[in-house]
Amino acid sequence: MSAPDPSPPSKRPKLLVLEFWGLGDLTFATPFLRAAQARYDITLVGKGHAALLLQPSFPDVRFISFEAPWSAYRGKYALWRWNWPELLLLFFRLRREHFDAAVSVRDDPRDHLFMLLAGARERYGFPIRGSSQFLTHPLARSSPQQHKVEDWRDIGRALDLPGMAEVAPRLDHPRYRSETVDQMLAGFGGKPIICLHPGARIGVRRWPEAYFAHVVEKLRSEFDFRLLLVPGPEGCSSVLTSLADLVLRPLTVPELVDVLGRADLVLCNDSGPGHIAAACGRPVVPIFGPTNPDWFRPWGDQHHVVIRDICPWRPCFDYCKFSEPYCMTKLLPERVWPEIREHLQSLLERGLLRRDFGRKEPVSVS
């Protein structure tokens, strides 16, 4: 039997998407990707976790893993340390694709130059410091202080994609369901689940663990739930593990999506897990410090951002000039507990939390 004829090459236009940053940033791009995939063959260049996070929701998107040196936390301007052979090889690979269009939501000249050197015929982005010379379509934001989701909507409008006014970040949680997570959570059902993720990749975004413990103890006194603790790569101390009903081992990115998507409420820092949970439709209470929630809060009205303008330098975007991040360490749990409690009561009244979450069994007295 002769081999079948190979499928004809796609006649659809090719779109190159750049998103070199974290898990939360990738969730912000999902409304754009969902609208664009109906019209384009999409290639997304990003860190290795981009495919792990997005491929189950976007199986038709092609992912290329690349650690852009300008997205590093430290040393991004040390050009002599950049892997130039890898970068040049990537440009050669992309130029062979003959992309019809390329987009980046970052107002970063390096992203804009990247799109030019990749050979994309049309290049969309928000110019800064003269980078409009690298773009064929320099864009202006609808509002100077808008959320990153709105940035993606603006790019979608520039490409004339449909439905940009309504789309929101979304991950298709059922596509991440796994037997491994089923086994982890076996016997953990029944009561509502609060998932606590106290980590963050950037240290100055981490609220002290003792503060999270204080809030958990307050929650225990008024609400009925089971606490699922998801430690970050930096681990957790006994102050939190002793309060948890279950402490999970380190998770893969798809497993993390599955776990967060099963929670009834997620308590976390300003980090990727909060945005993943929000994209799975779960209510999130994130603790914000050095960053700007107008740009980076979890998207949706079922979330509540805890933040105070304690430091006059906020937002400093993770580069704290002090010996400790006062915007976090001076954000005392007893000050924020009342607003967390009020938000949970609001979620119960709106039907966004299970009713039995608010039903605390009376303690018997012998």
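## The chain as a whole

Let's start with the outside: the protein chain has an accessible surface of about 17400 Å², and 53% of that belongs to carbon and sulfur atoms. Keep in mind that this is a predicted model.

How is the chain built up? The protein chain has 14 helices and 11 strands. Its C-alpha atoms fill a box of roughly 80 × 65 × 40 Å along the principal axes. The radius of gyration is 22 Å, which agrees with the value near 21 Å for a compact globule with 366 residues.

## Inside and across the fold

What share of the 366 residues counts as buried? The figure is 51%. Now look at contacts between residues at least 6 apart in sequence: 63% of them join residues at least 24 apart.

Charges are worth a glance too. The protein chain carries 47 positive and 42 negative charges, and the mean positions of these two groups are 3 Å apart.

## Helix H10, tucked away

Helix H10 covers residues 253-262. Why can we call this helix largely enclosed by the rest of the structure? Because 9 of its 10 residues are buried. Buried members of H10 include Val253, Leu256, Val257, Val259 and Leu260. Charged residues sit on the buried list as well, among them Glu255, Asp258 and Arg262. Gly261 is another buried residue of this helix.

## Gln146, a buried loop residue

Next, find the loop between strand S6 (137-138) and helix H6 (148-158), where Gln146 sits. Is Gln146 buried or exposed? Its relative accessible area is 9%, so Gln146 counts as buried, since the cut-off for buried is under 20%.

The side chain of Gln146 has some polar partners. One polar contact, of 2.8 Å, joins it to the side chain of Asp154. The Gln146 side chain also reaches the backbone nitrogen of Ser143, at 3.1 Å. If you skip the neighbours within four places in sequence, Gln146 is in contact with Arg141, Asp151, Asp154, Asp294 and Trp295.

## Glu97, a partly exposed loop residue

Our last stop is the loop between helix H4 (84-95) and strand S4 (101-104), which holds Glu97. Glu97 has 21% relative accessibility, so it counts as partly exposed; buried would call for a value under 20%.

Which residues does Glu97 touch, leaving aside its neighbours within four places in sequence? They are Lys14 and Arg62. As for Leu54, this residue is 43 residues from Glu97 along the chain, and their C-alpha atoms are separated by 22 Å.

Notes:
Residues are numbered from 1 along each chain as its sequence is written. This is a predicted model: local features need pLDDT of at least 70, side-chain atom pairs count only at pLDDT 80 or more; totals for chains, interfaces and linings use all residues. Side-chain values use heavy atoms; hydrogens and water are left out. Buried means under 20% relative accessible area, exposed over 50%, partly exposed in between (1.4 Å probe, protein chains only). Helices (H or I, at least four residues) and strands (E, at least two) are DSSP runs, numbered from the N terminus. Contact means heavy atoms within 4.5 Å. A polar contact is a pair of N or O atoms within 3.5 Å; within protein, one must be able to donate a hydrogen and the other to accept it, and residues adjacent in sequence count only if both atoms are side-chain atoms. The radius of gyration is taken over C-alpha atoms; the globule rule is 2.2 Å times the number of residues to the power 0.38. Accessible areas come from the Shrake-Rupley method with a 1.4 Å probe; for residues, only the protein chains shown count as cover. The place of a charge is taken as NZ of Lys, CZ of Arg, CG of Asp or CD of Glu.
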